[in-house]
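Student: I have a structure open and would like to work through it with you, one question at a time. Could we begin with the overall layout and then turn to the details?

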Amino acid sequence: MKISKKLYKKPFALFAGFVFLFSAPAFSYGSEITDGVKKTIDAMIEVLRAEEWKKEDKKAERRELLKEIIAKKFSYYEMSRRALAKHWKDRTPEEKKEFIETFGKLLESSYAKKIESFTDEKIHYGEEKVRKNVALVKTIIEKNSDDPILVNYKLVRTENDWMIYDFVVEGVSLIKNYRAQFNRIIHQSSFQELIIKMKKKVDNLSDKKF
Amino acid sequence: MKKKYPFLVFFIAVVFILAFAKTGFSEYPWPPESSKSTKPAKAEEIKPDISIELTLKAPPPLSDFEDEFEDFQGIEGGEDVEYSDPIEPFNRFMWKINEYFYDYAMEPVARGYIKITPEGFRKIVVNFFRNISSPIFLVSSILQGDKEKVDRTIGRFVINTTIGIGGLFDPASNRYNLKKINEDIDQALGYHKIPNGPFLMLPILGPITLRGVVAKIPQIFLGPEFIFGIGIIPAIAARGVETVNEFSFRLDAKEDLDSFAIDPYTSVKDFYFQHQKTLIKE
């Protein structure tokens with residue numbers, strides 16, 4: 001009798017433990033990714049709406065703060081790999097490092113500028129899809145009576161976090177667009193020429209006041 | 001108590017699951033779909049047996065889910081998508097001409113237009129021209145066999161022409177939740193997998209493909225100029241107003257292109273094709 005009771009308890013306990021252990025992460029897994037994107041965007045909007053950062057003499061500092069927030073959630077390594085695509089494997093480690101740094105600066109300025117134009121937009125976080133180690137978070141940006149804008153974020157799972165590797169605005173992928181440009185420049189000239197052009201663009205952006 | 005122990009643990013587990021389910025989904029407007037997918041992609045599941053291969057139907061097209069991640073296949077070794085651009089030197093020359101035209105003609109006119117016209121008026125102009133393009137939306141939707149869009153086009157046209165006072169306003173979107181439609185004959189041809197043909201950069205008109213040029217021909221007969229017998233000069237003037245009005249909403253996009261593109265011509269070309277693909281998919 002005692003033996004049969006022990007045998008009876010174990011499967012139930014194991015089953016309950018299994019359900020307990022694996023169900024919670026499965027239900028919270030999806031929202032964790034969207035939460036991460038939301039926190040980053042909310043942090044940027046908070047900076048934009050804070051009165052202290054609206055002053056003219058604070059704009060440069062505000063831009064740097066936005067770039068810091070962006071750098072924590074954007075994986076410049078993953079973006080660089082995808083933007084160079086078939087040209088990536090031919091690069092030396094030094095070239096890759098230089099490219100990631102330069103491309104990262106370009107992306108930071110690009111995204112920071114777009115987010116700086118936000119005023120009273122409402123962002124709705126919608127559908128989320130996950131496939132192995134990549135995820136897609138869909139958002140809709142609504143502003144007054146303008147047509148809503150669809151912005152999708154593509155993320156990849158890294159060691160520490162889910163990091164953004166692309167964003168797609170109204171069906172147009174930023175990384176695909178850059179990939180087309182980089183491929184063309186490398187074919188026509190060289191990788192070194194591409195780096196020179198990118199650095200020139202980054203310098204122009206630093207000089208330009210937004 | 002000892003006898004009830006397993007049931008108690010099971011009961012707590014079920015309550016925990018239900019509590020997490022509610023917390024996880026309640027915060028967002030659209031409840032997320034199934035979070036972590038443990039199923040392999042459809043393409044990986046298809047392993048046809050040779051003996052029954054001939055009886056299998058063609059594999060289904062990529063779902064939206066897979067299509068959105070197709071670029072993942074292009075990392076470090078995949079083939080880039082190449083768009084046909086056999087007359088690229090000429091197109092680039094036209095692009096430069098257009099840049100001068102936009103920077104020294106269109107942009108100053110658009111900025112002046114913005115200064116003298118309130119945003120509400122400019123939206124009325126957009127609504128009006130969108131409404132009179134309904135025959136084009138309708139024919140394109142019919143050619144694609146999209147019954148929902150056909151119904152929506154007719155519904156939008158009737159509501160906006162009547163309640164919307166000749167299409168100046170858009171109660172179809174704002175009050176009746178009938179989403180805007182953006183269709184043309186070029187998209188219908190793309191839907192039926194007719195190739196784009198070579199890319200063209202037209203003077204003033206901007207990027208298009210050979211398929212797009214061909215598609216414009218039947219559209220002439222669906223436009224209000226032909227339907228209402230409007231003369232050429234008034235028609236050109238009206239289209240001029242429409243173009244300036246539309247450009248006034250895109251000044252930011254032009255600025256972004258100038259600021260962030262390393263090769264603006266290639267950027268515009270790629271944007272055009274990606275955008276077309278999205279419109280056709282919709």
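Student: How many helices and strands does chain A have, and in what pattern do they follow one another?

Tutor: Please keep in mind that this is a predicted model. Chain A contains six helices and five strands. Reading along its sequence, we find the pattern α-α-α-α-β-β-β-β-β-α-α.

Student: Is helix H3 of chain A largely enclosed or not, and why?

Tutor: A residue counts as buried when 20 or more other C-beta atoms lie within 10 Å of its own, and eight of the nine residues of helix H3 (residues 76-84) of chain A are buried, so the helix is largely enclosed by the rest of the structure. The cover over these buried residues includes helix H4 (93-116), strand S3 (149-157), strand S4 (162-169) and helix H5 (174-188) of chain A. The buried residues themselves are A:Tyr76, A:Glu78, A:Met79, A:Ser80, A:Arg81, A:Arg82, A:Ala83 and A:Leu84, and the answer is therefore that H3(A) is largely enclosed.

Student: At what angle do H3(A) and H4(A) cross, and which word describes that arrangement?

Tutor: Two packed helices are described by the angle between their axes and the distance between the axes. For H3(A) and H4(A), the axes come within 9 Å and cross at roughly 100 degrees. Angles of 65 to 115 degrees count as roughly perpendicular, so H3(A) is, at roughly 100 degrees to H4(A), roughly perpendicular.

Student: Which residues of H4(A) make that contact with H3(A), and how many residues of the contact are charged?

Tutor: From H3(A), the contact uses A:Tyr76, A:Tyr77, A:Met79, A:Ser80, A:Ala83 and A:Leu84, and from H4(A) it uses A:Phe99, A:Ile100, A:Phe103, A:Gly104 and A:Leu107. Sorted by class, the contact has nine nonpolar and two polar residues, while the number of charged residues is none.

Student: Which element gives the most residues to the largest nonpolar core?

Tutor: This core has 39 residues, and the members that touch the most other members are A:Met79, A:Ala83, A:Phe103, A:Leu107, A:Ala135, A:Val137 and A:Leu155. The element that gives the most to the core, with six residues, is H4(A).

Student: How do strands S1 and S2 of chain A pair, and which residue in their turn has a positive phi?

Tutor: Strand S1 (residues 122-131) and strand S2 (residues 134-142) of chain A pair in the antiparallel sense over eight bridges, and A:Val130 has A:Ala135 of S2(A) as its bridge partner. The two strands form a hairpin with two residues between them, and the turn residue with a positive phi, of about 55 degrees, is A:Lys132.

Student: Which residue in S3(A) stands opposite A:Thr139?

Tutor: S2(A) and S3(A) run antiparallel and are joined by eight bridges. Within S3(A), the residue opposite A:Thr139 is A:Val151.

Student: Is B:Ile204 buried or exposed, and what is its phi?

Tutor: Most residues other than glycine have a negative phi, yet B:Ile204, in the loop between strand S2 (199-202) and strand S3 (206-209) of chain B, has a positive one. A residue with 12 or fewer other C-beta atoms within 10 Å counts as exposed, and B:Ile204 has 12, so B:Ile204 is exposed. Its phi is near 70 degrees.

Conventions:
Residues are numbered from 1 along each chain as its sequence is written. Chains are lettered from A and ligands numbered from 1 in the order in which they are written. This is a predicted model: local features need pLDDT of at least 70, side-chain atom pairs count only at pLDDT 80 or more; totals for chains, interfaces and linings use all residues. Helices (H or I, at least four residues) and strands (E, at least two) are DSSP runs, numbered from the N terminus. Two residues are in contact if their C-beta atoms, placed from the backbone, lie within 7 Å. A nonpolar core is a set of buried Ala, Val, Leu, Ile, Met, Phe, Trp, Tyr and Cys residues joined through C-beta atoms within 7 Å. Axes are lines fitted to C-alpha atoms, for helices over the stretch in contact, and angles run from 0 to 180 degrees between N-to-C directions. Angles under 35 degrees count as roughly parallel, over 145 as roughly antiparallel, 65 to 115 as roughly perpendicular and the rest as oblique. Ala, Val, Leu, Ile, Met, Phe, Trp, Tyr, Cys and Pro count as nonpolar, Asp, Glu, Lys and Arg as charged, and the others, Gly among them, as polar. Two strands pair if DSSP finds at least two bridges between them.
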